[in-house]
Amino acid sequence: MRTVIKSSTGQLRLNDKSDDFYKLHLKEGIRPDGRMLMEMRPMVLNVGSISTASGSSLVKVGNTTVVCGIKAELTEPNASHPGKGIVVPNVELSPLCSPKFKPGPPCDQAQVVTKFLDNLIQSTNLICLDDLCVENDKLVWILYCDLICIDYDGNIVDASVISLMAALQNVKLPEVKINEECESVEVNLKCTATLKLCSCPVSTTFRVFDRSNIIADPTSMEEELTEGQLTIVTDQQGRIIYMERPGGVTLQEEHVEKCMKRAVIRGAEVQTLYMEVTG
Amino acid sequence: MAGLELISDQGYRIDGRKPTELRQIRCRLGVFTQADGSSYVEQGNTKVLASIYGPHEPSSNMRSKISHDKCIINCEYSQASFSSAERKHRPRGDRKSLDMAAHIKQTFESCIHTTLYPRSQIDIFLQILQSDGSNYCACVNAATLAIVDAGIAMKDYVCACSASLAKGTTLVDINHVEESAGCAELSAAVMPKLNKIVYSELNGRLHEDEIGKVLDSVVLGCNDMFAVMERTVREHVEETVSNFTHS
């Protein structure tokens with residue numbers, strides 16, 4: 001089935017972004033790439049491929065590819081939170097990944113995804129920030145999490161969350177001590193510890209086509225055709241810990257419930273993938 | 001030399017290579033779906049992604065540069081902030097990146113048949129994922145493969161390689177440690193079949209008697225690089241053709 005749709009003529013029609021083309025497919029209950037409405041694309045996860053980073057990962061969700069590299073540095077803590085470490089996510093959608101993005105300062109979408117990750121980190125307490133503190137009010141770890149999209153084919157949010165989590169699980173921090181006598185910082189690179197994560201979220205994104213059809217894991221073309229979005233984040237126990245619905249068309253309650261059920265199932269699938277990769 | 005022995009008494013380099021040995025090269029073509037041409041090149045620990053868009057209609061900020069007899073080449077070089085040992089605060093737009101982008105642009109302006117694509121624009125985007133010396137060379141090699149993948153007409157392959165001189169021995173394809181040891185560094189881009197040098201840059205002081213020797217080994221390194229790149233392209237084409245015939 002897939003090969004038929006991906007034939008040269010099919011590809012031509014895929015590029016012509018017409019609603020009718022999509023509606024014809026939905027009537028048959030199938031999407032142009034051969035998936036069912038609630039079916040996710042296959043995923044590939046690889047960790048630790050960049051040795052200059054403290055932790056790194058590469059995720060492919062269908063064709064969408066995101067590389068996440070985490071650099072850990074020592075810094076002075078914020079005056080408002082003297083005993084807490086700092087985590088700074090940053091998503092880059094450069095013109096390299098899709099002709100949609102133009103060179104220059106970060107586009108709106110990149111900033112939205114960055115903010116989403118920031119909210120997720122803050123509100124779900126996924127990293128115990130107290131663990132990142134070396135000495136109260138003096139020295140803490142700051143984790144710069146840079147996510148670079150290298151191929152954009154929709155659903156950047158899910159791919160970003162998965163790659164961020166996989167990279168965080170891959171982070172190894174060296175042991176740091178402050179020598180009281182000479183007030184110098186001693187870093188023991190031989191003795192490293194993995195980061196303790198309090199929860200391990202997985203996000204699942206849905207989009208609404210024509211007010212009534214919900215599709216999971218949209219591609220770039222589907223994102224352009226659909227209006228509303230719903231992102232549900234679940235943790236390792238299958239609880240819903242974060243939800244975002246940035247406007248768009250109205251959704252019925254039953255639809256939301258359906259999405260929640262699907263998100264929980266998908267969450268469990270991704271958790272096993274995390275386990276397989278990080279061991 | 002700054003207390004660092006670049007070449008051991010037995011004639012081996014810090015990473016165990018022989019002086020004229022290249023690092024392990026891995027390359028792949030057609031890695032992305034969105035770009036018109038793309039490639040991934042690994043030279044030792046230097047990892048580069050290249051993607052090509054075009055030839056397409058010039059974007060609005062390029063309108064002023066439109067030429068009626070040739071295409072515009074636009075190059076953007078970006079180095080991931082986690083790519084080096086020290087975190088980079090600006091992945092692109094700093095002076096070093098702009099300089100690199102300009103050099104790569106000039107290299108390809110002389111190699112692409114620009115007159116075949118009048119009033120159009122070709123974008124070369126390069127992303128360094130991990131940097132371990134010879135970034136320019138890895139970028140040029142990656143961009144060449146991506147241009148081949150995009151099907152844009154070139155006069156010849158462009159292959160780049162770098163070399164340094166330590167204790168009278170030339171070290172080919174230098175890594176970050178050798179690069180930062182303070183010796184002279186010569187990098188060049190060569191069109192191997194036409195036997196022409198497209199670009200060369202020398203950093204640091206080198207005696208004029210020795211330049212010839214170093215340049216020769218750079219060209220040899222480029223030819224080695226060419227053999228690998230050509231094999232990759234052939235394999236890629238064979239694979240693509242077999243996919244066509246089986247489906």
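**Second largest pocket**

I sorted the lining of the second largest pocket by residue class and found six nonpolar, 15 polar and seven charged residues. I note here that I am working on a predicted model, and that every value in these entries is computed from it. For the volume of this pocket I have about 740 Å³. I then looked up which residues sit closest to the centre of the pocket, and of the 28 that line it these are B:Q79, B:K96, B:S131, B:N135 and B:E179. Turning to secondary structure, I listed the elements of chain B that give two or more residues to this lining: the strands β4 (72–79), β8 (185–191) and β9 (196–203), together with the helices α1 (95–109), α2 (135–150) and α3 (176–179). Among the contributors, α1(B) gives the most, with five residues.

**Enclosed space**

I next looked for cavities of 30 Å³ or more, and the count came to one. Its volume is about 50 Å³. I wrote down the lining residues by chain: A:S94, A:P95 and A:L96 from one side of the list, and B:E76, B:S78, B:R92, B:F125, B:L126 and B:Q127 from the other. In chain B, β4 and β5 (121–130) are the elements that give two or more residues to this lining, and the largest share, three residues, comes from β5(B). By class I recorded four nonpolar, three polar and two charged residues around the cavity.

**Annotated domain in chain A**

I checked the UniProt record, an unreviewed entry, which places the feature "domain: Exoribonuclease phosphorolytic" at residues 39–174 and 201–264 of chain A. For residues 39–174 of chain A, I noted 24% helix and 37% strand, with the end C-alpha atoms 41 Å apart. For residues 201–264 of chain A, the corresponding entries are 28% helix and 38% strand, and the end C-alpha atoms lie 11 Å apart.

**Cysteines**

How many disulfides are there over all chains? I counted zero. I followed this up at B:C161, where the nearest cysteine sulfur belongs to B:C222 and is 5.1 Å away, and B:C161 is in no disulfide. A pair must have its sulfur atoms within 2.5 Å to be counted as a disulfide, so the 5.1 Å between the sulfurs of B:C161 and B:C222 does not qualify.

Is B:C161 buried or exposed? I entered B:C161 as buried, because its relative accessibility is 4% and the cut-off for buried is under 20%. I also looked up A:C259, which counts as buried because its relative accessibility is 1%.

Notes. Residues are numbered from 1 along each chain as its sequence is written. Chains are lettered from A and ligands numbered from 1 in the order in which they are written. This is a predicted model: local features need pLDDT of at least 70, side-chain atom pairs count only at pLDDT 80 or more; totals for chains, interfaces and linings use all residues. Side-chain values use heavy atoms; hydrogens and water are left out. On a 1 Å grid over the protein atoms alone, a cavity is a set of points where a 1.4 Å probe fits but cannot get out, and a pocket is an open set with protein on both sides within 12 Å along at least five of seven lines; lining residues have an atom within 4 Å of a point. Grid points are joined across faces, edges and corners, and a volume is the space filled by probe spheres set on the points. Helices (H or I, at least four residues) and strands (E, at least two) are DSSP runs, numbered from the N terminus. Ala, Val, Leu, Ile, Met, Phe, Trp, Tyr, Cys and Pro count as nonpolar, Asp, Glu, Lys and Arg as charged, and the others, Gly among them, as polar. UniProt positions are given in the numbering used here, feature names are shortened, and annotations may be inferred rather than shown by experiment. Buried means under 20% relative accessible area, exposed over 50%, partly exposed in between (1.4 Å probe, protein chains only).
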